[in-house]
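Colleague: Before I head back to the bench, could you walk me through how this thing is packed together?

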Amino acid sequence: MGSSLRIVNGRVYDPANGVDGEVRDVCIRDGKIAADAPPDAKRIDAAGMVVMPGGVDIHCHIAGPKVNLARKVQPEDHRYDVHPRTRVTRSGTGGSVPSTFATGYRYAGLGYTTAMEAAVTPLGARHALEELHDTPVIDKGFYVLVGNNVLLYRLLQEGRLEEFRNALAWWIKVTKAYAPKLVNPGGDELWKGQRNANITSLDDKIGPFELTPRKVIAGFIEAATALGLPHPVHIHCNNLGHTGNVATTLETMRLAEGRRTHFAHVQFNSYGPAAGKSQTNPTSGAREIAEFVNTHPNISADVGAVMFGRSTIMTGDAPLAYMLRQFGGTKWVNADTENESGCGIVPFTYQDRVYTNAMQWAVGLELFLLSQDPWRMVFSTDHPNGGSFVTYPRLIRLLMDREFRKARMAEVNQKALDRSGLRDLSREYSLNEIAIVTRAGPARLLGLTRKGQLGVGADADVTIYEEDPDKEKMFSAPRYVIKDGELIIEDHEFRVDHEGRLLHVAPDFDPGIEQVIEPFFEDFYTIRFANYAVDDRYAPHHEIIPTAPQAAGARP
Amino acid sequence: MLLNGVLIEDTFAEAFTMRVARLLITARTPRWAKEAALKLTGFATSVIGCKCEAGIERELAADDTPDGRPGLSVLFLTMDKESLPQRLIERIGQTVLTCPTTACFDGLPDVPDRLPVGKALRAFGDGFQASKVVGDRRYWRIPVMEGEFLIEETFGMQKGVGGGNFLILAADADAALAAAEAAVEAMSGHPGVVLPFPGGVVRSGSKVGSKRYKKMVATTNDAFSPTLRAVTESQLPEGVNSVLEIVLDGTDGAAIESAMRLGIRAACRPGVKAISAGNFGGKLGPHHFHLRRILNGASPPPAV
Amino acid sequence: MSLAFTLRTPPTVPLEAEVLTPARLAGLSAPEAAKLSVVHGNERADLGEFFQVQGTADGGGAGEFRLTGDLSRVKHVGAGMADGRIVIHGSVGMHLGAEMTGGEIIVEGDAADWVGPEMTGGRIVIKGNAGHMVGAASRGSAVGVRGGEIVVFGNTGNEAGHGMRRGLVAIGGDAGDFAGVSMLAGTIVVLGSLGWRAGAGMRRGSIVTMHPVELLPTFSYACTYAPLYLRLLLARLRRLGLPVADAQVSGRYQRWSGDAVELNKGEVLILEA
């Protein structure tokens with residue numbers, strides 16, 4: 001940590017500080033960006049290179065029980081993708097769901113230094129934390145699944161809103177989570193209780209509860225806002241993946257009523273009604289969603305773009321996994337997490353000739369290209385659902401290189417393309433915009449004030465890419481990656497290993513809430529209450545991000 | 001030229017290029033292989049009226065068949081390559097598939113041109129059929145009431161020769177028939193050749209078209225009909241009172257030629273005046289079998 | 001003469017020798033072949049550290065070569081080969097002929113687990129016994145052998161023909177448990193006896209055995225008959241050298257359909273005593 005660095009001659013992209021491609025020095029001292037560096041500081045000559053903050057992935061699936069199930073269910077996916085050890089790094093396996101070590105190194109190898117695991121059941125928190133601990137280089141955190149939680153439903157149903165808020169805070173804190181996550185609110189609860197049941201609208205009754213998804217979502221937004229969490233409620237909407245779901249998505253967005261709310265992988269929730277003779281082939285709803293986000297500064301989203309090829313559907317949305325499983329008829333995993341959530345895993349391949357897959361690909365690109373505020377429509381593939389994070393460089397090229405995009409468009413299902421709006425879009429992302437959607441934007445949406453920027457005092461997470469007209473090549477292999485001031489990758493090679501931090505929040509709650517939660521545990525859980533909370537040993541390197549009232553859509 | 005005192009006329013048989021497949025039909029006993037083969041090759045005398053020509057080539061011992069059971073080989077010919085699979089599918093489906101204990105294998109496995117015959121017939125299995133690859137050949141197992149019908153997925157198709165022939169001109173009907181029987185006997189089992197007509201013999205040789213009826217494609221060969229000697233332009237030598245024809249189809253010209261040699265020699269017996277052949281002036285068929293040239297060649301039948 | 005490898009120093013831990021294919025050795029001299037890289041345990045090594053190499057590889061395309069000695073720790077021999085021939089005098093280790101597409105491997109000895117996993121063509125003949133997973137799908141794969149022939153004169157372990165889609169696995173001796181588990185199609189013939197749960201989860205395909213066997217309850221008896229294709233198949237096995245009796249060729253077999261938990265289009269044929 002004590003080392004100092006001075007990066008000179010690089011073109012710096014630091015949108016959070018209004019720096020758009022200026023050639024200037026970046027100095028590092030004691031793991032932070034500094035105004036200056038001592039004369040004997042190691043110098044990196046970044047001439048002909050681009051300097052950016054380290055990448056921040058706001059939504060991915062990289063750790064926890066479901067990720068491990070996905071690894072176990074498809075050994076064939078790892079077989080030809082061995083990640084060998086080096087002098088300084090450990091070995092692992094790749095494929096669409098890499099092992100923990102490979103995940104950390106591969107993220108770092110793309111210039112990413114922070115990633116958020118987006119769905120962990122409270123019961124799986126301990127497992128997730130152990131895996132995150134084994135995920136090297138990057139800083140990381142996770143969102144805890146609370147949207148199908150039986151006790152929270154009971155409190156909400158009975159109108160015990162203060163207890164509801166306290167219980168939510170308790171769950172976030174004792175699991176060491178970063179944000180509350182809702183996945184198909186009500187859907188899993190219904191699915192677990194009735195054969196092949198799922199929520200189809202915000203006003204469906206959720207099984208035995210006098211609740212609807214509308215009530216549940218509004219309740220969580222209310223409570224999370226009151227808790228002052230740095231990242232708001234992170235929502236995987238109802239009807240995800242279903243044709244015509246754009247109406248549900250817009251209705252859900254309206255529920256935010258001006259409060260900060262994040263919508264995950266909206267691509268999967270931006271499908272218009274079926275077109276032509278087909279009952280199921282969706283049209284694109286990207287324009288409606290993009291317009292809503294553009295005009296509502298309290299709303300943010302990550303795209304969840306689909307990239308063709310092998311992926312793994314990995315979701316807390318168990319009924320969705322069942323639906324997808326019917327297409328391929330191959331192996332899958334469905335798991336039920338006691339009173340907390342559901343889980344489904346389906347190995348999947350997106351094919352460019354398949355109408356629906358081509359439409360999904362087009363909708364993802366449309367959302368990017370129609371977005372007027374890159375700070376609020378940020379980069380993701382919902383790794384590994386829409387595609388592995390290793391496809392990010394290609395996705396960047398699709399956004400930055402119109403000709404490349406056109407060439408690819410010529411190869412996909414043309415009927416789908418005809419019914420999307422992609423042909424009308426000629427926009428190309430600038431490097432500054434890429435820096436926003438992959439770094440500055442997600443960091444700001446996460447409330448990580450020291451990430452995604454290169455101002456003095458920021459975490460010294462820096463990526464240096466060699467400029468190349470082929471943006472896929474450029475973003476595939478940074479020349480240098482610096483994490484917490486340490487030169488992790490130099491000349492494309494790992495020089496040292498590094499252990500990143502767990503990022504989590506610890507919202508305050510009234511300790512009395514434990515008197516409400518404990519009896520429920522003793523009655524219905526397989527684990528004793530006393531054993532449930534995750535203690536600090538599971539987070540040896542961690543950083544608590546403070547909670548405070550958050551202004552909707554605020555910009556520094 | 002005289003052979004056993006029989007005049008070999010200086011003429012030639014004119015034959016056509018056809019498409020041919022060879023089927024090996026096996027069964028529990030030789031009898032049931034034959035029952036199937038007779039039905040399969042029944043009503044397959046001439047493409048003029050039957051759309052195909054076929055005959056039994058030879059009997060096969062158990063050791064010579066793919067499944068180690070007794071069987072027969074059959075040659076099956078059509079004028080064009082499109083109709084050969086159609087005729088095979090119709091006929092095998094109605095005659096071999098239906099016949100107890102039989103199986104049907106391809107007799108031209110090395111030929112590159114493949115006809116999807118078993119592949120089409122498998123649909124009779126209504127989804128219950130199953131395929132099986134043994135070595136590098138694929139078979140279809142079609143469930144039937146008796147048990148299972150086994151047929152090869154594809155059959156080879158190659159160019160063959162149809163319409164090789166010779167005419168036996170005899171002093172009377174008895175002599176003509178005896179000579180024809182002797183000729184058929186001599187040619188039977190000859191590799192690569194079948195005689196598609198009843199017992200291998202035709203009494204009603206035809207000419208192309210009609211002198212009287214516009215719609216008739218073929219009518220009686222009046223030039224060789226003894227009763228018309230006085231009313232038509234007869235080609236019958238003096239003393240000839242009955243004529244029978246032998247028609248040969250085969251896998252290639254050499255087989256036809258070799259079989260004709262055996263047949264003509266056997267036909268040259270007492271009571272036969274001359275051996276002639278049918279042709280159309282040499283303008284219609286690419287294959288010409290000159291009788292005298294054939295008989296001068298002393299080659300034995302080609303080895304299989 | 002073709003290349004001949006004699007094991008001089010038996011490896012103490014598994015030796016991964018996927019370089020031992022006709023294509024990789026084509027045109028090499030003995031010293032060149034000895035320089036080929038293998039992995040011994042977790043360390044790189046030269047082939048020549050373990051084998052004495054003599055002769056010269058056959059010119060032109062893929063030829064033939066010989067391996068002699070106890071190669072039971074030498075893995076991946078012939079993996080991925082497309083043509084040519086390998087003759088092994090001795091026993092051989094795991095993953096023999098894995099994913100091969102053509103050519104032939106003859107083992108005058110025993111083979112370890114994973115003979116010919118996911119092969120698509122060619123032939124492997126084991127004169128002795130073979131381990132588990134003969135002609136199987138690699139773990140996680142839905143499809144195993146897609147073509148070719150594996151002939152084991154002796155016994156095999158469990159899961160022979162796991163997930164196979166096409167091709168032939170012929171076993172002269174006994175097969176372990178789960179023969180033909182999850183097979184999609186293809187043929188498994190066991191001249192000896194079958195272990196437990198043969199054909200579990202099979203969709204299509206045939207498992208043939210010459211000894212009585214108790215099947216899973218999801219298999220149903222259909223009839224007793226003499227399947228004609230078996231005559232072709234058994235004749236083929238005879239040509240490959242397996243001791244097929246006349247009574248097996250002309251015998252009557254019980255046909256059991258299964259597995260009813262899957263398509264139920266598979267069959268187990270059991271010779272009637």
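Modeller: Sure, here are a few questions and answers on the cores, the domains and one chain contact, bearing in mind that this is a predicted model.

Colleague: Where does the largest nonpolar core lie with respect to domain 1 and domain 2 of chain B?

Modeller: That core has 171 residues, and A21(B), I25(B) and I275(B) are among those with the most contacts inside it. Domain 1 (2–14 + 161–296) and domain 2 (19–158) of chain B both give residues to it, so the core lies between them.

Colleague: Which strand of chain B gives the most to this core?

Modeller: Look at residues 12–26 of chain B, which supply nine residues to the core. That stretch is strand β3.

Colleague: How many residues does each domain of chain B put into the contact between domain 1 and domain 2?

Modeller: The C-alpha centres of the two domains lie 30 Å apart. On the domain 1 side, the touching residues divide into seven nonpolar, three polar and one charged. The count is eleven residues from domain 1 and 14 residues from domain 2.

Colleague: Which element supplies the largest share of the side of chain B that touches chain C?

Modeller: Here 14 residues of chain B are in contact with twelve residues of chain C. On the chain B side, β8 (130–134), β9 (137–143) and β10 (148–152) each supply at least two residues. By class, that side has seven nonpolar, three polar and four charged residues. The largest share, four residues, comes from β8(B).

Note on methods. Residues numbered from 1 in each chain as written. Chains lettered and ligands numbered in written order. Predicted model: local features only at pLDDT ≥ 70, side-chain atom pairs only at ≥ 80, totals over all residues. Core = buried A, V, L, I, M, F, W, Y, C linked by C-beta atoms within 7 Å. Buried ≥ 20, exposed ≤ 12 C-beta atoms within 10 Å, placed from the backbone. Domains from an automatic or database assignment. Contact = placed C-beta atoms within 7 Å. Nonpolar A, V, L, I, M, F, W, Y, C, P; charged D, E, K, R; others polar.
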